[in-house]
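Please open the model in your viewer and keep the sequence panel beside it, ready to select residues by number. The tour makes two stops, and each one begins with something to select.

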Amino acid sequence: MKVLGIETSCDETAVAIVDDAHRIHANLVLSQISEHSVFGGVVPEIAARAHMDHLDKLIRGALDDAGMACADLDGIAATCGPGLIGGVMVGMMAGKALALAHGKPFIAVNHLEAHALTPRLTDRIDFPYLLLLVSGGHTQILMVHDVGRYELWGSTMDDALGECFDKSAKLMGLPFPGGPHLEQAARLCSDPDAAIQRFPLPAPLKGRPGCDFSFSGLKTAIRAHVDKLPPGPLHMEDVSMLACAFEQTICTVVTDRCRHALEKFTEKSDRGITPKLVVSGGVAANLFLRAALKDLTKACNADFIAPPVALCADNGAMIAWTGIERLRRQMTDNLNIAARPRWPLDPEAGQGFKSA
Ligand code: KG4
Ligand code: ZN
């Protein structure tokens, strides 16, 4: 069974072809970062137009890479939300048109579900597992029971974690998107203890019950530290110390919230089941965070699964794989399905604190 997946919900135009034996036949991702960086963030109108300009070539390229024609496919999957609605509609309409023209089933994919199911593509893990989803738009802890069955255990009350990285990096004078630059700057700091002493930061919600997050206070504290530094461009040494203090604080907060989730997992599961924690989303590329989560899971006798960095960030393979998971359960969609800018994975919990 082979499915072509299309992803256009943010600033990556991506197309992939994946089969049910977990093989990725093609995986093309075109980043629009250079088109948005001058504006310091993603501009929805520019993103939608760029998807329009490039999507057909990427679909052709993916078929060529895989050595396949549309006739060889068993289904077409496209992100239908949540995300920037203009971009979502470009990918969704292209997917529907392909499905109609070639008489193939169409699978309307929830972008968050695609992040959630990625470890089943890469690491073949079984349900249930805990998912920490950390990206530019989302910060959630979800209990993943099955395809289409999710329980939201925690979400952010304000900024998403990627947003907090990007805004804090901007305050430090680092380029967009700030997350990877901030991580690089933190690596240059040779004395992490001195960094956190010089730049103390709050650890929002640490020690409180539950699995929710809050990051806006952290960004405000970074601003206060930056304001006290000499005016003009910041010295790299100051930036690296501040970035290192920030990374340590993020790791403290995120592991505290995940510890609660792992405890809840153990309480609710049958005895003898080893809890599993998966990290996904763009921020899952952060090696400080990966190391901290690895240590946490070791201490909690849990398994830790982190898909390869390229498959944690937005990509087409996760959409195609979700198409496979749904197609083999006959969970296909009508071509009149609408794009959804908001589409929570756990309808009972609504959007959590922040729209998803
Ligand atoms: O999942 P993603 O590619 O797009 C969505 O937001 O859906 O995530 C992008 C986010 C950005 O905020 C970016 O700064 C952050 O992931 N990011 C990182 C790193 N790489 C990407 N944040 C921290 N450390 C990184 N290495
Ligand atoms: Zn994403």
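**First stop: a network of charges**

Select Arg329 and Glu325, which form a salt bridge whose closest N and O atoms are 3.0 Å apart; a salt bridge here is a side-chain nitrogen of Lys or Arg within 4 Å of a carboxyl oxygen of Asp or Glu. Before going further, note that this is a predicted model, in which local features need pLDDT of at least 70 and side-chain atom pairs count only at pLDDT 80 or more, while totals for chains, interfaces and linings use all residues. Residues are numbered from 1 along each chain as its sequence is written, chains are lettered from A and ligands numbered from 1 in the order in which they are written, and side-chain values use heavy atoms, with hydrogens and water left out.

Now add Arg120, whose side chain meets that of Glu325 in a salt bridge of 2.6 Å, N to O. This pair links distant parts of the chain, since Glu325 belongs to helix 12 (residues 317-327) and Arg120 to helix 4 (residues 111-122), 205 residues apart; helices (H or I, at least four residues) and strands (E, at least two) are DSSP runs, numbered from the N terminus. Are these two residues buried or exposed? Glu325 counts as buried at 0% relative accessibility, and Arg120 is buried too, with a relative accessible area of 10%; buried means under 20% relative accessible area, exposed over 50%, and partly exposed in between (1.4 Å probe, protein chains only).

Next, select Asp146, which forms a salt bridge with Arg329, the closest N and O atoms being 3.8 Å apart. Because Arg329 lies in the segment after helix 12 and Asp146 in strand 7 (residues 139-146), the pair ties together parts that are 183 residues apart in sequence. Arg329 is partly exposed at 32% relative accessibility, and Asp146 is partly exposed at 28%. Add Arg328 to complete the picture, as Arg120, Asp146, Glu325, Arg328 and Arg329 are linked in a network of salt bridges.

**Second stop: the two sides of a helix**

Move to helix 10 (residues 287-299) and colour its buried residues, which are Leu289, Arg290, Ala292, Leu293, Leu296 and Thr297. Seen down the axis of helix 10, these residues fall within an arc of 165 degrees (taken from the directions from the helix axis to the C-beta atoms), so they line one face of the helix. Turn to the face pointing away from that buried side, and you will find the exposed residues Lys294, Asp295, Lys298 and Ala299. Finish just after helix 10, at Asn301, which takes a positive phi of about 55 degrees.

Notes:
Expected span 1.5 Å × (residues − 1).
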